[in-house]
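Colleague: Got a minute to walk me through this one? Let's start with any space inside.

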Amino acid sequence: MRWLVRFLFKTLIGFVGLSLALVLLFKFVPVPVTATMLLDGNGITKDWTALSNIDRNMVRATIAAEDGKFCTHDGFDREAIENAIASNARGGRIRGGSTISQQTAKNVFLWQGGGYVRKGFEAWFTVLIEQIWGKRRIMEVYLNVAETGIGTYGAEAGARRYFGKSAASLTPLEAARMAAALPLPKERSVVNPRGWLARHGNTISARIGSVSRDGLDSCVYR
């Protein structure tokens, strides 16, 4: 029993130390690859780009589409989580309550899929990146590792794939269409979307002005 306790204690200390080291490293160093990328049978197309070279329209569209409280929460949107739990309990389509911070933690350090174990690790890494990276770095990393298409990762690679231009010069509608596809990038069309997806992209595009006017991206650019 003592051996088991010592083993578990050393394992815990090792995990904490390793996770802190990785978070500190990636505060300054571009994330080279993620588990999602390595497991993608479609290959990897990516081009790490500093946030200063990504148009603000992309940042604002991402906040409008994914996490309107990005600048005010501590990594967790408790209201969204509670609403998701209530909706899922009623049955039907499963909803999530993940913030951009949680998605970044999952994308960089963990694997896709559900489960309480992964969610626990996700919460741990979310707390770490909120405290160590800060909002601007979280957004920068998210927009470089998020899947933006089949075998395509990051805003820069997505912008070049869909619009033949750098992410530095995206229009509000182009950014909105990319943001609309983020939850299901393998299934949602960015170029010439139809029906609900086209309307959703137009809605996100319209919200970009509100994000700017209301300062919902202030934590990224202050």
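Modeller: Sure. The largest cavity holds about 40 Å³ of space. Keep in mind that this is a predicted model.

Colleague: How many cavities of 30 Å³ or more are there?

Modeller: One.

Colleague: Which residues line the largest cavity?

Modeller: The lining is made by Met58, Tyr142, Leu143, Ala146, Thr148, Gly154, Ala155, Met178 and Leu182.

Colleague: And what classes does that lining have?

Modeller: Seven residues are nonpolar and two are polar. No charged residues line the largest cavity.

Colleague: New topic, helix packing. At what angle do H3 and H10 pack?

Modeller: About 105°, with the axes 8 Å apart. H3 covers residues 56-66 and H10 covers residues 195-213. The two helices are therefore roughly perpendicular to each other.

Colleague: Which residues make the contact?

Modeller: H3 brings Asn57, Arg60, Ala61, Ile63, Ala64 and Ala65. From H10 come Ile204, Arg207, Ile208, Val211 and Ser212.

Colleague: How do the residues of that contact divide?

Modeller: Between H3 and H10, seven are nonpolar, two polar and two charged.

Colleague: What about H5 and H6, how do they cross?

Modeller: Their axes cross at roughly 110° and come within 8 Å. H5 is residues 100-109. That angle makes H5 roughly perpendicular to H6.

Colleague: Who touches whom there?

Modeller: On H5, the contact uses Ser101, Gln102, Thr104, Ala105, Lys106 and Phe109. On H6, it uses Arg118, Glu122, Phe125, Thr126, Ile129 and Glu130.

Colleague: What's the class split for H5 with H6?

Modeller: Four nonpolar, four polar and four charged.

Colleague: Last thing, aromatics. How many aromatic pairs are in the whole structure?

Modeller: The search finds nine. One pair is Phe15 with Trp124. Their ring centres are 6.4 Å apart and the planes sit at 40°, so the pair is tilted.

Colleague: Where do Phe15 and Trp124 lie?

Modeller: Phe15 is in helix H1, residues 2-28. Trp124 is in H6, residues 116-132. So the pair ties together parts that are 109 residues apart in sequence.

Colleague: Great, thanks.

Methods: Residues numbered from 1 in each chain as written. Predicted model: local features only at pLDDT ≥ 70, side-chain atom pairs only at ≥ 80, totals over all residues. Heavy atoms only, no water. 1 Å grid on protein atoms, 1.4 Å probe; cavity = no way out; pocket = protein on both sides within 12 Å on 5 of 7 lines; lining within 4 Å. Points joined across faces, edges and corners; volume = space filled by probe spheres on them. Nonpolar A, V, L, I, M, F, W, Y, C, P; charged D, E, K, R; others polar. Axes fitted to C-alpha atoms, helices over the stretch in contact; angles between N-to-C directions. Helix = DSSP H or I, 4+ residues; strand = E, 2+ residues; numbered from the N terminus. Parallel < 35°, antiparallel > 145°, perpendicular 65-115°, else oblique. Contact = heavy atoms within 4.5 Å. Phe/Tyr/Trp six-rings, centres within 6.5 Å; stacked < 30°, edge-to-face > 60°.
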